[in-house]
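Please open the structure in your viewer and keep the sequence beside it, since this tour moves from one selection to the next and says what is there at each stop.

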Amino acid sequence: MAREAAWTFLARGCVILCAVSLPFTFWSVAQQNRYLRRSRIIAKLQGEGGKHLIIVRYESAGDNGVEWVYNAADIDNSQIVWARELDPTEDGELVSYFKDRRVWLLSVNRGSTRLIPYPSSSNL
């Protein structure tokens, strides 16, 4: 009887553990997918040469569990700089500061990304 109770307890514990680990599994897959898409963008821009500024627009704040914006320690000398879209004034200041770069807008949605030249950029 005690052995049966132990096996039942163990089986239920395994089911609960699997259910609890599902969100982490989905998050991990999302991270890997984002990493692959980010790597493709980096390879594309490195192939073009020059310096780039990517302003990231998160289309839906509610479903964005993955961060796209992170940079090397020496941001000013990096080939590619990533920044979050803020408001037109602050974005304009950022574009002015990095005036020697080609500026891009990266729209990020749940499962897709779209990289286009930044609409108000004078260095298209």
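Begin by selecting valine 66, which in this predicted model lies in the loop between strand S1 (52-58) and strand S2 (80-84). Is valine 66 buried or exposed? Its relative accessible area is 12%, and because buried means under 20%, valine 66 counts as buried. Keep valine 66 selected and add valine 108, which is 42 residues away in sequence, while the C-alpha to C-alpha separation of the two in space is 10.0 Å.

Next, select S1, the strand on one side of that loop. Of the 7 residues of S1, 6 are buried, so this strand is largely enclosed by the rest of the structure.

Now add S2, and look at how the two strands run beside each other: S1 and S2 pair in the parallel sense, over 5 bridges. Two residue pairs show this pairing in detail, with leucine 53 standing opposite valine 81 in S2, and isoleucine 54 standing opposite tryptophan 82 in S2. S2 is mostly covered as well, as 4 of its 5 residues are buried.

Then add strand S3, residues 102-108, which also pairs with S1 in the parallel sense, here over 7 bridges. Which residue in S3 is the bridge partner of isoleucine 54? Select tryptophan 104, for that is the partner in S3, and leave isoleucine 54 displayed together with tryptophan 82, which it faces in S2.

While you look along these strands, it may help to remember that in a regular strand the side chains alternate between the two faces of the sheet.

Terms used: Residues are numbered from 1 along each chain as its sequence is written. This is a predicted model: local features need pLDDT of at least 70, side-chain atom pairs count only at pLDDT 80 or more; totals for chains, interfaces and linings use all residues. Side-chain values use heavy atoms; hydrogens and water are left out. Buried means under 20% relative accessible area, exposed over 50%, partly exposed in between (1.4 Å probe, protein chains only). Two strands pair if DSSP finds at least two bridges between them.
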